[in-house]
Amino acid sequence: MYRGLPKYFQSTRFYQTRFIRHLTSPELRTTFTRYFEKNGHTVVESASLVPHKDKTLLFTNAGMVPFKEYFMKPSLAPFPCATTVQKCMRAGGKHNDLDNVGYTPRHHTFFEMLGNFSFGHYTKADAISYAWKFLLEELSLPVHRLRVTILEGDREAYALWKQQGLTDEMIVSCGPEDNFWSMGDGEGPCGSCTEIFWDTQDEMLDDRWVEIWNLVFMEKYRTAEGGLTDLPVPCIDTGMGLERMAAILQGKKNNFQIDQFDQLIGGLRQLLRERGLSASTDVDPSAHEKIIADHFRAMCFLIGDGVVPSNTGRGYVLRRIIRRALRSAKQIGLNEPFLTELYPSLLQCFQNKLYPELETRASSIRTIITNEETAFLSTLERGLTLLESVFKQPDLQETKEIPPNIAFKLFDTYGFPFDLTLIIARERGWTVDIKEWKNMNIKSQFTGYDHNLLYQESEILAVDTFKKGKGVQVNMAIDPCPFYGLGGGQVPDQGTITLMNASKWNVVDVSQPYEGGIALRLSPILAPGEDINQRIESDREYLQRGHLVRTEIDLNHRQGTEVHHTATHLLNAGLRRILNSNDIVQAGSTVEAKKLRFDFTYGKPLGEKELDQIESWVNEMALQGGNTQIEHLKLSEAMNSGAIASFSEKYGEDVRIVSVPGVSKEFCGGTHVDNIQKLYPFKILSETSVAAGTRRIEAVAGLACVDWYRQAYKPIPDVLKILRANGTNDMVAKLEKMVHQTKSLQKSEEFIKDKLAMAGDSVTQLFTSKMNDTDVNIHLIDFDLDAAFMQKRANVLKSTQADKIHVLVNGKIILVALNNTQITSKTANTVLKGIFKQIRGGGGGQKELAQGYLAEPIFTKEDVISKIIPAIKSVS
């Protein structure tokens, strides 16, 4: 279990006795900034929530925003590296967590981000080392509850984490969608990142692993055309959410239980009691308490940074935040102005003039909130009364859908932000027309089931064109529409549309914003050197309602998704058949052109034999062949027919059934192959756990499977040649023989190392020094010998020369060994830590043996005399 970790991680005792350091939020801020200040960083005060120099952002949404120009031009930075506690806001714009607040453990509108930044001063290795030491040494987080992710193919990051002592299972490779960071969609510095995750050990959560720190390696520059070039000066950008880390250090299940929110919510509950209202005593606040506390922090900090309520831009986001908080307050009985009475509790959360604007602008903040609160409360009751009348209308009881004109009246007359109307509707089990297209009753006829209709002329029903960065995006509805939108786990179609002037546009996404609606997201296909603005002007006349377009589906992509969608149905059937269980329930799926992913409920891992049987059954069915059949049935009739339904889907009165007689039968609105022979071959790639009681299978089928086999076979001829084997059977035999020989050689090597360790003078150079009154022997180990030999030699030395401290060095590896029965005034760990105060490095250990790594390697006698011996003499 512990193999591969540094010595001080390996013992069972470490796991049992290591306690997480308890820190308050103020202590965490101080600990973080002092740690990086001690390591050469300049402490920089938080910038405003309004990014005055950056017109592309609504708010400062990350710690790096104030330093964007320094990442672009590091020579402009007034300091080589910095550390901050930055105020951040994610409400409105691209980064918007507003709708999630109160309903998830960790989403906030306002939050604080801890960060350290380098503008060409230090490397990826330093960033990883700083982060890991902070978590383990400053915060005392147990290493077995930490994991890291890296970008697929980033061997450097992998090697650096291995140097920190992480085992392979602690390092997870992810694609660029997770581990490549960029400043939005436009041009600018970007790069791979590594993220550190914490195991909450909470089995009740959908995902018990929580991201706590993101280290971004700014090494690339994305051009306006999307190309990547190397930055002349690589930079570092890291970010850690203070609230998330505080929850960990304070042993809380969610961010709303930490000290900051405990003070605010405690103040809210005291206010309720003073007004004669019922106040909760639950440890975990209610959703409405969370919303009020979160939104109150956000409104105060926004006003403190100069934002005032309005009907546009930042001011409208502030107005929405205030009004959402007031509506939640009404839900717990607060019908009169109250928000500013929470202000003293807020100040308790941010003492010592951390954010001086909270005190210097206190009067303005409270006045603006009171005025906005009073104005909205005067119309809130009338708006809610209007909604109540809608909820009681007999003609709406079946659809339970608020008419668009009512939603608009609530906004226009009563000041209800649209999302507030949506929240109230959802709480009552009602819906609201979300998209403007639905208000216009735009519905497209989907014709994509028939391959003969994938290339056709269609009419534009609606179109919306807007700038996005330096590019342009068009949303369009056409009829008829052959493009399949994301749904039922199947990814959207890809392809192009051609305007009447022969201009081509890529279909980059297809969505189903409402039942019967299909929205295409388009981007222009530009010729080299073509100006996008001129292109928009030339196409504008043809991007109008009523004009015709020519559709062209990417057939290879569509056929790949069809193969894997039908393969998912057969996999579902195979699981039920082989495992002899009708209790298996689909818990999610993703159907792509190159692979499928199928999640299902099952209490234990599948064995190799079971997986082989399922895979064989699917292949056997595919080889036998069989046409897929489509039926449209009433819901009750479909349920009685034995068709399998997905518990995560909501079905209407009429449903579509996809079946292969005698093989599978499911509710499904997706696209499928016409004959299951196209699924052959089928291969299960993995079977894993995704949550308690939920398993996941990933597989490939059809041509994608053929390609997978081809790639898997590619190295075989080279291996046969290297082994001089006549075939795969011979290859296996020779590999087994080689493994046996390698094990024998390893045993011989261990035997030789043991002998060398006992008589190691021939492979070491000896130097002597003093540490106070204790003799110290420095052993410069032959570079050809490894850390395993050094540990053996260290154990011999502390037994045979117990009256001395022994320091062994070899390149970047350093060990300290001593016999604690003879030398009681020091430990190996304290000696090593003392050495690291003089020369850069890191590590630790126990009383008698400690190991670490030097930033600069020691190879020669001169290195020992000039670096190691002075460092030893400085240890008191």
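Helices and strands here are DSSP runs, numbered from the N terminus. With that in hand, let us work through some exercises on this predicted model.

**Exercise 1. Place D450 in the chain, and decide how far it is from P482 in sequence and in space.**

Solution. Start with the neighbouring elements: D450 sits in the loop between α17 (436–439) and β12 (457–468). Next, take its accessibility. The relative accessible area of D450 is 34%; buried means under 20% and exposed over 50%, so D450 is partly exposed. Finally, compare sequence and space: D450 and P482 are 32 residues apart in sequence, while their C-alpha atoms are 8.3 Å apart.

**Exercise 2. Describe how α9 and α10 pack, giving angle, distance, handedness and contacts.**

Solution. Two packed helices are described by the angle between their axes and the distance between the axes.

- Step one: the axes of α9 (residues 259–274) and α10 (residues 287–304) come within 10 Å and cross at roughly 110°.
- Step two: angles of 65 to 115 degrees count as roughly perpendicular, and α9 and α10 are therefore roughly perpendicular to each other.
- Step three: the crossing of this pair, α9 and α10, is right-handed.
- Step four: on the α9 side the contact uses Q260, F261, L264, I265, L268 and R269, and these meet E289, I292, A293, D294, F296 and R297 of α10. Sorted by type, the residues of this contact are seven nonpolar, one polar and four charged.

**Exercise 3. Do the same for α3 and α5: which term describes their crossing angle?**

Solution.

- Step one: α3 (residues 25–38) and α5 (residues 124–138) have axes that come within 11 Å and cross at roughly 130°.
- Step two: that angle makes α3 oblique to α5.
- Step three: α3 passes α5 in a right-handed crossing.
- Step four: T31, F32, Y35, F36 and K38 of α3 meet S129, Y130, K133, F134 and E138 of α5. The contact of α3 with α5 divides into five nonpolar, two polar and three charged residues.

**Exercise 4. Examine the salt bridge of D199 with R208: is each partner buried or partly exposed?**

Solution. Side chains of opposite charge can pair when their charged atoms come close. For D199 and R208, the closest N and O atoms are 2.7 Å apart, and the cut-off for a salt bridge is 4 Å. D199 has a relative accessible area of 5%, so D199 is buried. R208, at 25%, is partly exposed.

**Exercise 5. Find the elements that two further salt bridges link, E372 with R323 and K798 with E848.**

Solution. Take E372 and R323 to begin with: their side chains meet in a salt bridge at 3.3 Å, N to O. E372 belongs to helix α14 (residues 362–391) and R323 to helix α11 (residues 313–331), so the pair links distant parts of the chain, 49 residues apart. Both E372 and R323 are buried.

Now turn to K798 and E848, which form a salt bridge at 3.0 Å, N to O. K798 lies in helix α25 (residues 787–800), whereas E848 lies in the loop between β28 (841–845) and β29 (849–858), so this pair ties together parts that are 50 residues apart in sequence. K798 is buried, with a relative accessible area of 13%, and E848 is partly exposed at 25%.

**Exercise 6. How many salt bridges does the model hold, and which residues do shared partners join into one network?**

Solution. The count comes to 38 salt bridges. Through salt bridges that share partners, K87, D305 and E357 are joined into one network.

Note on methods: Residues are numbered from 1 along each chain as its sequence is written. This is a predicted model: local features need pLDDT of at least 70, side-chain atom pairs count only at pLDDT 80 or more; totals for chains, interfaces and linings use all residues. Side-chain values use heavy atoms; hydrogens and water are left out. Axes are lines fitted to C-alpha atoms, for helices over the stretch in contact, and angles run from 0 to 180 degrees between N-to-C directions. Helices (H or I, at least four residues) and strands (E, at least two) are DSSP runs, numbered from the N terminus. Angles under 35 degrees count as roughly parallel, over 145 as roughly antiparallel, 65 to 115 as roughly perpendicular and the rest as oblique. A crossing is left-handed if the near helix is turned anticlockwise from the far one by less than a right angle, and right-handed if clockwise. Contact means heavy atoms within 4.5 Å. Ala, Val, Leu, Ile, Met, Phe, Trp, Tyr, Cys and Pro count as nonpolar, Asp, Glu, Lys and Arg as charged, and the others, Gly among them, as polar. Buried means under 20% relative accessible area, exposed over 50%, partly exposed in between (1.4 Å probe, protein chains only).
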